Amino acid sequence: MAVGFRECINSAVDAGDLTKEEGTALQDEFQERFAQNRLNMGDGEAMTAAKAQMEQRLRIEAADARKRVKLAK
């Protein structure tokens, strides 16, 4: 797993921004995406692709959360 990604998730858990369960789920999802990408590309490319996929999904999720907060006001 990408050390930077793992450290980022662990820091978020330590800071209380994520629960331990959420952190574990994100790390598991990254591992799954990495493994899937490795079927079609080398390790470096697979890691880069997994990071990009996770970033895209999390950005979309964050934008949706912001919209829900605005609509609730």
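Residues 24 or more positions apart account for 36% of the contacts in this protein with a separation of 6 or more. That is a good place to start, as several of the side-chain pairs described below can be read with sequence separation in mind. Please keep in mind that you are looking at a predicted model.

**The overall picture**

The protein has three helices and zero strands, and reading along the sequence gives the pattern α-α-α. Helix H1 covers residues 3–14 and helix H2 covers residues 20–38, while helix H3 takes in residues 43–72. If you trace the C-alpha atoms, they span about 45 × 25 × 15 Å along the principal axes.

Of the 73 residues in the protein, 21% are buried. The accessible surface comes to about 5400 Å², and carbon and sulfur atoms contribute 52% of it. The protein also carries 12 positive and 13 negative charges, and the mean positions of these two sets are 7 Å apart.

**An aromatic pair between two helices**

The structure holds one aromatic pair. Its partners are Phe5 and Phe30, which are stacked, with 4.7 Å from centre to centre and 20° between the planes. Phe5 belongs to helix H1 and Phe30 to helix H2, so the pair links distant parts of the chain, 25 residues apart.

Are these two rings buried or exposed? Phe5 counts as buried because its relative accessibility is 14%, under the 20% cut-off. Phe30 is also buried, at 0% relative accessibility.

**Salt bridges**

Now for the charged side chains, where the count comes to five salt bridges. Three of them are set out here, with the distance between the closest N and O atoms and the accessibility of each partner.

| Acidic partner | Basic partner | Closest N and O atoms |
|---|---|---|
| Glu29, 17% relative accessibility, buried | Arg57, 26% relative accessible area, partly exposed | 2.8 Å |
| Asp43, 45% relative accessible area, partly exposed | Arg38, 46% relative accessible area, partly exposed | 2.7 Å |
| Glu55, 42% relative accessibility, partly exposed | Arg59, 56% relative accessible area, exposed | 2.8 Å |

Which parts of the protein does the salt bridge between Glu29 and Arg57 tie together? Glu29 lies in helix H2 and Arg57 in helix H3, so this salt bridge joins parts that are 28 residues apart in sequence. Glu29 counts as buried because its relative accessibility is 17%, whereas Arg57 is partly exposed at 26%.

The salt bridge between Glu55 and Arg59 sits within helix H3, where the two residues are four apart and therefore separated by about one helical turn. Glu55 is partly exposed, and Arg59 is exposed because its relative accessible area of 56% is over the 50% cut-off.

Some of the salt bridges share partners, and in this way Glu29, Arg33, Arg57 and Glu61 are joined into one network. Glu29 and Arg57 from the table are thus two of the residues in that network.

The remaining row of the table concerns Arg38 and Asp43, whose closest N and O atoms are 2.7 Å apart. Arg38 is partly exposed, with a relative accessible area of 46%, and Asp43 is partly exposed as well, at 45%.

How values were computed: Residues numbered from 1 in each chain as written. Predicted model: local features only at pLDDT ≥ 70, side-chain atom pairs only at ≥ 80, totals over all residues. Heavy atoms only, no water. Buried < 20%, exposed > 50% of the residue type's maximum accessible area, 1.4 Å probe, protein only. Contact = heavy atoms within 4.5 Å. Areas by Shrake-Rupley, 256 points an atom, 1.4 Å probe, with all protein chains shown as cover. Lys, Arg positive; Asp, Glu negative; His and termini not counted. Charge placed at Lys NZ, Arg CZ, Asp CG, Glu CD. Phe/Tyr/Trp six-rings, centres within 6.5 Å; stacked < 30°, edge-to-face > 60°. Salt bridge = Lys/Arg side-chain N within 4 Å of Asp/Glu carboxyl O.
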